Structures are given as C-alpha cells and as structure tokens.
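Subject: Structure for your files

Hello,

Here is the structure I said I would pass on. My notes on the domains, a sheet and the empty spaces follow below it.

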Amino acid sequence: MTTRRLVLSRSAALVGAASSGLLLPQIARAQSSKIRVGLMLPYTGTFAQLGVAIENGFRMALDEQGGKLGGREIEFFKVDDESNPAKGVENASTLVQRDKVDVLVGTVHSGVQMGIQKVARDSGVLSLIPNAGAHAATRALCAPNVFRTSFTNAQPTLALGKPMMDKGLKKTVWITWKYAAGDEAFEGFRDGYTKAGGTIVKELSLPFPNVEFQALLTEIASLKPDAVACFFAGGGAAKFIRDYAAAGLKGKIPLYGSGFLTEGVLEAAGPAADGIVTTLHYSDSLDTPRNRAFRLAYAKHFKVQPDVYAVQGYDTGLLLAQGVAAVKGDIGNKPALYKALETTTIDSPRGKWKMSPQHNPVQDIYLRVVENKENKVVGVAAKALADPGTGCRMAG
Ligand code: PHB
C-alpha cells in the first residue's frame, strides 16, 4: 500500500512537472546527481587482503578516469561481508534498499555471492562480480544485470592437469576447503587431469576457513602420491604453503594449485612457496607494456605489489567506466548499458578480454611457477578459455 501510494504520488509529481515545463530540468538533475557505488567485500577474516586489493584496483581504474563515471561524481557505500554466507542477503539488501546503490560491486566468497545474486535478481540492480567464481552466477542463475570480471571456479583448474601429466605425475591427492569454490575448482581439475590420463587417489578437505592442516598433511605423507593439487586462497593459502614445507613435503611431493594459492601471499609464505606451479588468468611477470605500467602505478600508489585480485578490481572499474561512458552517465538506460558491458573490450593487465554470452571473461590461462616471491609465467595453459555457461537462460 505504502509503495503504491509512493509510486502514484511520484508519477503525479512528474505529470505536474511535465505540464509546467519542469520535466527536462528534473531529468537533467537526476543525470547530474552522483552515481552510488556499493562495495560489498571482505575486510576482515582470511580473505581481508583480497577485499582490499579489489577495492584498490577498482578505485585506481576510476581515478584514471578523473574520478568520475560518465561525467558524474561517485559516492561510495561500503559493507564488510566478512566472507560470511549467512549474512550475504542481508548485507546486499542493505546496500540496495537502504543506500540505494546504482551498482553493487562484490564479492570474493562464492557462498556470499549467492546472497548477492539473489538480491541482484530480485531488485534488478547492476551487479559486478570482481572475484567469486560460483558457477551458478553465470550458469543456471545468470541474469542480464550480473557481470563477472574474474573467472568461474573451474576455469583456472581445468588447465592444471595436462602440465602435471606432461611431467609424469600420474597419481594426485586433491585438497581444499569444503565449500562451493573448492568443490567447483575440483570439478575443473578432475575434468582436465583425468582427461589427460591422471588418477585422483584421494580428495581431502576441511571446512572454510579452517587452517588446521596437520592431520591432512600427515595423511598425504602416508599416501605418497606423485603430486598434490589444491585450492586455497588468502591467509589460509599462506599458512598451507608454510605448513606443507614444515611437514617436510616440499621437495618430496610437488605442490600444484589453482593460481590463487600463490596470489598476494608470497611475502607471507617466503621461500616455502618457491617452485609451486599453478594455473591462473594472470601472472605478475606478464611482459607487456600494459602489465608493466599497471604494476608500476599500483605499487607506487599503494606501496604493495598488485596481485590477481587487484587486477580483477581494476578491470571491474574499467568495465563500469566504459559502460557508463557508453550511455553518457544515464545508468538507468539498462538495455544500452548492458549492451555496452556485453560488447566492450577490457584492456586488462592480464591481456585483452571480452564477456562470454553468459557474462564471464573469455581469457587465457597462464602456467606459472613461483620464483623469488614472484609468479613467473611459464606458458599459456589454455588459450581464450570460456566457461560453458551451462544452464544459463538470459531472460530479457
Ligand atoms: C570463491 O569463494 O569463489 C573464491 C575465493 C577466493 C579465491 C577464489 C575464489 O581466491
């Protein structure tokens, strides 16, 4: 009832404005008002650093556009989602209902993303995913207003098995956190590795964000596989790398992973990380003018080295800037805005990329090895890899 009255009185005001010749100035005012950007990211917990890197990269891209979007000033609203799936819907609703954001940027954790996805689908608010790889977001639950600038969880690991088999590593133990991102990273690994002829001898897991690895490392030692492959990220990844070495496994059983394992953690992990081989859509050492310029500018500004999360945040800023520029600041012009987001090319530090029809990056996956606190690119493990987008029916 309240909503209906509100709508009626608003349209009545518009009719009044139109008949008194005030409609144009009103619309012009709406256009010149600030664009409201909601950042829903983890600022505490094991993914805290990831949230900060995403925000840094995002702001850097917007600063490069003069700090405006389509000529309009930007107002930021922030929520710490704590990587807590139980609060996902509530936190996203706060940004949409209370803060009335025009665009919601978030998040890192796949479980929390499912809360954002629900709110995005219910409200129709533009949702840009700067990390979380939850398959459903660009598969069965895809939506016209949801765009991802990062990856699907299976994308990096799909390309991991082949280089392992090329090294003769035929029996592997898989280990991860038990939640959507770990399960889906496993799907990619299993498909690529078994197709290349490998055997997964055991799947090990622990609940997110638990970091008590000792018992599992002891089990790995007794299983004696040819290799270990894993998905971990953030603070937990740094600890896993250190514990793996401390358990005496480094140098005995080679460690492979989804590339997040060695992102943003190389200072914290130290020499224990040397020699870890991973696959990911970015590598520090990509020798392109674009990547070199980005790394220099980021390090100068934030006094830390950028990682894949910084790149994803940066690309999210580029995507938003290019989309809003295409509609000249009229972010309410959804068909034109979505079309622009669907067709634009992102000139990313990772290499140029575009959206798949389901709104996920089509991108190269690099094979990397850690050397002296850097992810060195060894080769391209998969060229222009697209997620299949299975089950996506884009309505409207
Ligand atoms: C996820 O939960 O989707 C996730 C989290 C951290 C990563 C990658 C994926 O580094």
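The protein chain splits into two parts: domain 1 (26-151 + 287-355) and domain 2 (155-280). Please keep in mind that this is a predicted model. The C-alpha centres of domain 1 and domain 2 are 29 Å apart, and their contact takes 17 residues from domain 1 and 17 residues from domain 2.

The sheet

One open sheet has five strands in the order β2-β1-β3-β4-β5, paired in parallel. The edges are held by β2 (74-80) and β5 (146-148); each has a single partner strand, so one side of each has no neighbour in the sheet. On average, neighbouring strands of this sheet are turned by 20° against each other, direction ignored.

At the β5 edge, β4 (residues 126-129) and β5 pair in the parallel sense over three bridges. L128 has F147 in β5 as its bridge partner.

Helix α4 (residues 88-98) packs on this sheet and touches β1 (35-41), β2 and β3 (103-105). The direction of α4 makes about 165° with that of β1. Helix α5 (residues 110-123) lies across β1, β3, β4 and β5, and runs at about 160° to β4.

The largest pocket

The volume of the largest pocket is about 450 Å³. Its lining consists of 22 residues, with G264, E267, V304, Q305 and D307 nearest the centre. Which elements supply at least two residues each of this lining? They are α3 (48-64), α11 (266-269), α12 (289-302) and β14 (374-385). The largest share, five residues, comes from α3. By class, the pocket lining has nine nonpolar, six polar and seven charged residues. Domain 1 and domain 2 each give at least three residues to the pocket lining.

The cavity

The structure holds one cavity of 30 Å³ or more. The largest cavity has a volume of about 90 Å³. It is lined by 15 residues, and V108, N131, F151, Y179 and F231 lie nearest its centre. The cavity lining is made up of ten nonpolar, five polar and no charged residues, whereas the lining of the largest pocket includes seven charged residues. As for the domains, the lining of the largest cavity also draws at least three residues from each of domain 1 and domain 2.

Regards

Terms used: Residues numbered from 1 in each chain as written. Predicted model: local features only at pLDDT ≥ 70, side-chain atom pairs only at ≥ 80, totals over all residues. Heavy atoms only, no water. 1 Å grid on protein atoms, 1.4 Å probe; cavity = no way out; pocket = protein on both sides within 12 Å on 5 of 7 lines; lining within 4 Å. Points joined across faces, edges and corners; volume = space filled by probe spheres on them. Nonpolar A, V, L, I, M, F, W, Y, C, P; charged D, E, K, R; others polar. Domains from an automatic or database assignment. Pairing = 2+ DSSP bridges. Helix = DSSP H or I, 4+ residues; strand = E, 2+ residues; numbered from the N terminus. Axes fitted to C-alpha atoms, helices over the stretch in contact; angles between N-to-C directions. Contact = heavy atoms within 4.5 Å.
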